Amino acid sequence: MPEGDQRPGKGEVDRSEGFGERLLGKLLDRAHEMPPQLIAPLIAEEVAGVGGRDVSILLQDYARELLVPLPGRGLLIGDPEEIGDSPAGTAFLRASALEVEQSDGVRMYLPLLDGSDEVGVMALTLDTVDEDDRRLLRRLAGLVADMLVTKHAYTDQFFQARRREAMSVAAEMQWSLLPPLTMSVPQVAVGAAVEPAYGIAGDSFDYALNDNILHAAVIDAMGHGLDAATMATVAIGAYRHARRADIGLDRMYAFMDRAITEQFGIDHFVTAQMVTLDVTTGLLRWVNAGHPPPLLIRGNRVIEHLEGPTTLPVGLGGEPPAVSEIRLRRGDRVLCYTDGVVEERDAEGEPFGEERLIDCVNRCADVEGGLRAGALRLSAALKQQRGGRTSDDATLFMIEWRGGTAGHLAFSPE
């Protein structure tokens, strides 16, 4: 080997740093102790390293109607973009990059994915785009999403950017309690929506994927405002505690019931639905405590209500609930919802009703973008059908069983 040639010999591993690794590594190294207010300038600086300019970081607002620009030195601060009708919104809904030809180059819109939950969109302009650019920018967007989520935990700046109107204290509590609204892995996906986004109080949901079992719960605490939000917080806290202690669905009800009774007395209650799904077999099991029955969606249409024995709402000391079960088919979706969805009254004073809910589900089930976009579209369609009114909390929680295993996700070079 000629003197000065640093290429690896036979049997050696090439550990030299390529351009992409240097750029991403530099961003990661500098971000560790970077104050939140300097994250935006850091991102803009690193994007400039690949020839990018006019960088915008767009975060979804709490109502999930707009993508709003994150302010910061070095970022392009434009107007909010509609999720339903803009290039950034298209990239967001499809969770895939979009390129728009412009007179000064190519405007790229890259979804910011934290795992499978979408934070927003990063937009930037390049003179030209090739496959190396696309690969590097996709990875850069993933790193930016992780940074935003990490810094989000100890600053209010991202919360403030996402707000488009005043938020109630009850809603503040609920948003702090909620898990990500979307989650997707090869075997299963979930998508949720809560209304009114800035005034939610008693509705809540939670989920966790533990090995091959997806656990989920949807609740609706009686009342409004802080009382309802406080009760919902206790109910979800009790549910999480029971779930993490590996308590079964039938015993979980008693555990939650006791927590509500001890804290609020016997005249307060929470309707609830607790679900488990074996993501390898499709076996769905559930208990119902005074909640509307879930809807089973197959082939993009509602085919049945998942009826089953019910018990009294949590807090009223009902009998131990019977556990119902059904084996899903691949591609099946299950929609859980709170009564605020169907009990909202229209301009003529008539309840919205279950028939109109099912009609909206059937029309929105096959939208482009999968479950993430489907849940958002369904929530928007229901809100529009109700004339924009949401006088009571209204929550949707949808599960899609995809089947299969995660074994093919073993790491391998691209």
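Strands S12 and S15 (residues 310-311) pair in the parallel sense, with 2 bridges between them. Within this pairing, Ala289 has Thr311 of S15 as its bridge partner. The structure discussed here is a predicted model.

**Strand S12 and its partners**

S12 spans residues 283-289 and is mostly covered, with 5 of its 7 residues buried. Besides S15, the strand has antiparallel pairings with S11 and with S16. The pairings are set out below.

| Pair | Sense | Bridges | A bridge or facing pair |
|---|---|---|---|
| S12 and S11 (residues 270-278) | antiparallel | 6 bridges | Trp286 and Val275 |
| S12 and S16 (residues 324-327) | antiparallel | 4 bridges | Leu284 and Ile326 |
| S12 and S15 (residues 310-311) | parallel | 2 bridges | Ala289 and Thr311 |

S11 and S12 form a hairpin with 4 residues between the strands, and Gly282 in this hairpin takes a positive phi near 85°. On the S16 side, Leu284 stands opposite Ile326. In a regular strand, side chains alternate between the two faces of the sheet.

**The six-stranded sheet**

Another part of the model concerns an open sheet of 6 strands, in the order S7-S8-S18-S17-S13-S14, with antiparallel pairing. S7 (182-184) and S14 (301-305) are its edge strands, each pairing on one side only. On average, neighbouring strands of this sheet are turned by 20° against each other, direction ignored.

At the S7 edge, S7 pairs with S8 (residues 188-195) in the antiparallel sense over 3 bridges. Thr182 has Gly191 in S8 as its bridge partner. Helix H11 (residues 370-385) packs on the sheet and touches S7, S8, S17 (333-337) and S18 (394-401). The direction of H11 makes about 25° with that of S8.

**Helices H2 and H4**

Two packed helices are described by the angle between their axes and the distance between the axes. For H2 (residues 39-48) and H4 (residues 131-152), the angle is about 170° and the axes lie 11 Å apart. H2 is therefore roughly antiparallel to H4, because angles over 145 degrees count as roughly antiparallel.

H2 contributes Ile39, Leu42, Ile43 and Val47 to the contact, and H4 contributes Leu140, Val144, Met147, Leu148 and Lys151. By class, the residues of the contact divide into 8 nonpolar, no polar and 1 charged.

Technical notes. Residues are numbered from 1 along each chain as its sequence is written. This is a predicted model: local features need pLDDT of at least 70, side-chain atom pairs count only at pLDDT 80 or more; totals for chains, interfaces and linings use all residues. Side-chain values use heavy atoms; hydrogens and water are left out. Buried means under 20% relative accessible area, exposed over 50%, partly exposed in between (1.4 Å probe, protein chains only). Two strands pair if DSSP finds at least two bridges between them. Axes are lines fitted to C-alpha atoms, for helices over the stretch in contact, and angles run from 0 to 180 degrees between N-to-C directions. Angles under 35 degrees count as roughly parallel, over 145 as roughly antiparallel, 65 to 115 as roughly perpendicular and the rest as oblique. Contact means heavy atoms within 4.5 Å. Ala, Val, Leu, Ile, Met, Phe, Trp, Tyr, Cys and Pro count as nonpolar, Asp, Glu, Lys and Arg as charged, and the others, Gly among them, as polar.
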